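Visitor: I'm new here, so could you walk me through this one in plain words?
Guide: Sure, ask away once it's on the screen.

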Protein chains: 2
Amino acid sequence: MSINDDVQSILNDIKVGDIVNIVLNNNSVISGRLMPRYESSERDHIVIKLPNGYNVGIMLKKIKFITKVSSFSIETEELPKKNLYNSSSLKSQYKNDKDLSQISNLPKIALISTGWTIASKIDYRTGGVTSVLSAKDLYTSIPELSLYASIDTEILFNEYSENIGPMQWHLIANKIIEKINSGNYDGIIISHGTDTMSYTAAALSFALQDLPIPVIIVGAQRSSDRPSSDASSNLIASVIFATQLDYSGVFVAMHGSISDKEIYCHIGTRVRKNHTSKRDAFKSIDIPPIAVVQDDRVEIQKIPSNIILHKNKNRNKKNKEFNIISKTKFDDRVFLLKYYPGFNPILIENVQKLGYKVIIIEGTGLGHINRNCFSYLKEAIASGMLVFMTSQCIWGRTNLNVYDTGRDLQKIGIIPLSNMLSETAMVKAMWLLANYNDLDYIRNKMQENISNEITFITPIVE
Amino acid sequence: MSINDDVQSILNDIKVGDIVNIVLNNNSVISGRLMPRYESSERDHIVIKLPNGYNVGIMLKKIKFITKVSSFSIETEELPKKNLYNSSSLKSQYKNDKDLSQISNLPKIALISTGWTIASKIDYRTGGVTSVLSAKDLYTSIPELSLYASIDTEILFNEYSENIGPMQWHLIANKIIEKINSGNYDGIIISHGTDTMSYTAAALSFALQDLPIPVIIVGAQRSSDRPSSDASSNLIASVIFATQLDYSGVFVAMHGSISDKEIYCHIGTRVRKNHTSKRDAFKSIDIPPIAVVQDDRVEIQKIPSNIILHKNKNRNKKNKEFNIISKTKFDDRVFLLKYYPGFNPILIENVQKLGYKVIIIEGTGLGHINRNCFSYLKEAIASGMLVFMTSQCIWGRTNLNVYDTGRDLQKIGIIPLSNMLSETAMVKAMWLLANYNDLDYIRNKMQENISNEITFITPIVE
């Protein structure tokens, strides 16, 4: 990850991380920190981080000359002026040591990178974004990270999150166990593309129960090249959650509002990406987020009584207790069926013939489906499949006791899953199917709350 | 719909609609209006509408005796004290005429009933809710309706909305055309179960373009038997929208907040049921609702410039202009595929073999799907299928130009549908497929805004 030769020729002795003044052909001046670039194909521009924290790409042909203002050094480095955590009291804590992972006396974090938007850049040639940045490169861009933790980074794989599924969940879970068993870490951060982040969060919530430390999954809705990137503030918050959260478990750290002020900590089984592009796309469903990072502090929200959180017993402990329950396999013979009017129930027969073991129906309203599906579902269940009901409404819970359709569905053997998100139910079934053989056990476990996937413990009064 | 013989024996000459005092065995007294009951199996209770507008069921065996306070009469009827529209100035407008449909000088509405929760009751025997009430019965329960319109009612069919699909959309559309062509009506109201209400709203939005009058679809999240029912306030608001809205088109009228104060008017292609049970379950996606009924007035919201509404040219006109464009058929060979991690792409082959013509993918994020699906989708498209991309995020739009995965999808021939809801896209494809033969035409029409299903006209700056 270095500046290419042809760019270097105009940079002279300027290196990535240096503060520079760039004089453009029109004689305007841009000042900021020279950023790393990440693909050999980009030969026509450089990227500068402005004092306000935003990055800009500048075409080489528009540049008259570049001068160095100061060399990169954490000690002398000016904190970005417009930054989530630029309280001046923190500045003195910067260490005069470029190898940030060696900073002592700070909590120790393992950052496992799977490929994500924080680690992306725009390819100015094609106009697209590719994810290439290694987790280690983040240090140069976000020196504030060193205030909160000593971070070891590892690239597990580099995938767009739409390509992440059961196999990758298995790999991530095993890597987390490896890091935990080393006894070295106070928290683990998983960097992950946002598209399927909530699916992975659910998968890890089931695979890794009774975690001894927090596991925080973090990503960015907008790549670090963009002025409005949420990459650095989300990552900083994830480090703060991983080191200061009083709870262990699997959580997602993402922007909570359109401002940069609040980053939310969501429970892994109850979070959903609800907007394609907004920075505050992730929402906790039916519950509030459990914590917020505001300035550089974690504020724990009022935890509703229907949420079960495990105390982080290892917080600030030298000799950590690590006793992790893990079952990290997933079986993909689970079909998530979103019902819609006009759905042809013959497809249920097809799914059955393909060898699927479980169908998670995303029904309408309280958990309904056209009666023309009943006979097909009855046959699927008779053949040994398990069929569960969730709702496409997203918020609220299934209830098959209100309308007679619902009671008919229960007679057939379809099991409602309360307010479990359909996506979480799908992941849970994949996890149970891989780790347990007994169908009765799986059927019961699906209806039992394991990791806050069911939060309607008492019937609600409407 | 009458009180059963065994109940009648304790009622003597008391009739449905009369105000009664009920003395219970414990000598407490309940006063209210005797409500109709709707199933012969219910032989052990009666239903009373309390002065606060709530209904209660009272077990016959708990009743000592019943006395009549006053007979049912619209003129002498006390308006419910706790009601959305109980301004005393309205009271004088009540007409001394029991046949409310004959009230002259008021706008004329056709109310077409398809079966819905407003027309439901709890079966106290099984604890379930069944939908049985005819639209006509509503007059007795909601006399305020006569303030706003003269209403003709017709039961088209009586279905839970999870059983409503392409065939029923066709029937409803044709019934609306029949009512419009009669030249008698200022507005049409469709009563509909809430589960698939938004699918039907989208279907009618495509089937009936350039409507000369408003078509308002209305339902209730909670049946009229329940204290918290939204049935009457939603229905009253739908009548107000149908008679006072400045726009024609297909709209959904449902509670906008958890209070009874606001009923929202949503555009038919942009509304979604987002909660299984809350009264304010329906949300306009990516746009605000276009109008609100507050007290008894329609307040038009600021209509964003990306929303195209047709003026209601027939409002307050004696001789109405009716020139309706209608294509009311739907073809169900459209598969709505919600992508999820672990999805087995062999299913795409199955869908192709089953004779489907269109696949609407609900992809992740900006419109992505695992690369293991690419070859199957390529083959489906080569075989003549059309494949479109929407997002499971619900809010926001697809954009296949951001990441290289997206550009790969476009190369295969997958067409992004901007911010069209996946459900609306499915309905639109069913409609196009039934009414047009040329695949190129259908492909183009899918990407073209017809009825506000696409509201991202200009690229948004993020």
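**A walk through the model**

Guide: Let's start at A:Ile109, which sits in strand E6 (residues 108-113) of chain A; helices (H or I, at least four residues) and strands (E, at least two) are DSSP runs, numbered from the N terminus. This is a predicted model, in which local features need pLDDT of at least 70, side-chain atom pairs count only at pLDDT 80 or more, and totals for chains, interfaces and linings use all residues. Residues are numbered from 1 along each chain as its sequence is written, while chains are lettered from A and ligands numbered from 1 in the order in which they are written.

Visitor: Does A:Ile109 count as buried or exposed?
Guide: A residue is buried if 20 or more other C-beta atoms lie within 10 Å of its own, exposed if 12 or fewer, and partly exposed in between, with C-beta atoms placed from the backbone. A:Ile109 has 27 C-beta neighbours inside 10 Å, so the label is buried.

Visitor: Which residues does A:Ile109 touch, leaving out those up to four places away in sequence?
Guide: Two residues are in contact if their C-beta atoms, placed from the backbone, lie within 7 Å. One partner, A:Ile189, is 80 residues away along the chain, with 7.1 Å between the C-alpha atoms. The full list is A:Ala149, A:Ile151, A:Tyr185, A:Asp186, A:Gly187, A:Ile189, A:Val239, A:Ala242 and A:Thr243.

Visitor: Which residue in E9(A) stands opposite A:Ile109?
Guide: Two strands pair if DSSP finds at least two bridges between them. E6(A) pairs with strand E9 (residues 150-155) of chain A in the parallel sense, over six bridges. Across from A:Ile109 in E9(A) you'll find A:Ile151.

Visitor: And which residue in E10(A) is opposite A:Ile112?
Guide: E6(A) also pairs in the parallel sense with strand E10 (residues 187-191) of chain A, over five bridges. Opposite A:Ile112 there is A:Ile190.

Visitor: How many of the six residues of E6(A) are buried?
Guide: E6(A) is largely enclosed by the rest of the structure. That description follows because the buried count in E6(A) is five.

Visitor: How many residues of helix H5 of chain A are buried?
Guide: Helix H5 runs over residues 197-207 and is mostly covered. Its buried residues include A:Met197, A:Tyr199, A:Leu204 and A:Phe206. The count for H5(A) is 11 of 11.

Visitor: What share of the residues of chain A count as buried?
Guide: Chain A has 11 helices and 24 strands. Of its contacts with a separation of 6 or more, 70% join residues 24 or more positions apart. Among the 462 residues of chain A, the buried share is 52%.

Visitor: How many residues does each chain bring to the contact between A and B?
Guide: On the chain A side, elements that each supply at least two residues include strand E21 (334-338) and helix H10 (422-435). That side divides into 21 nonpolar, 24 polar and 14 charged residues; Ala, Val, Leu, Ile, Met, Phe, Trp, Tyr, Cys and Pro count as nonpolar, Asp, Glu, Lys and Arg as charged, and the others, Gly among them, as polar. For chain A the number is 59, and for chain B it is 59.

Visitor: What kind of axis relates the two chains?
Guide: Copies are superposed by least squares on the C-alpha atoms of residues with pLDDT of at least 70 in both. A turn of 180° and a shift of 0.1 Å along the axis lays chain A on chain B with an RMSD of 0.2 Å. That is the relation of a two-fold axis.

Visitor: Which residue of chain A comes closest to the rotation axis?
Guide: The copies meet through the same surface, because 100% of the interface residues of chain A are also interface residues in chain B. At 3.1 Å from the axis, taken at the C-alpha, the closest residue of chain A is A:Lys338.

Visitor: Which strands stand at the edges of the open sheet in chain B?
Guide: The order of this four-stranded sheet is E21-E22-E23-E24 (chain B), with parallel pairing. Two strands have a single partner each, so one side of each is left without a neighbour in the sheet: strand E21 (334-338) and strand E24 (415-416) of chain B.
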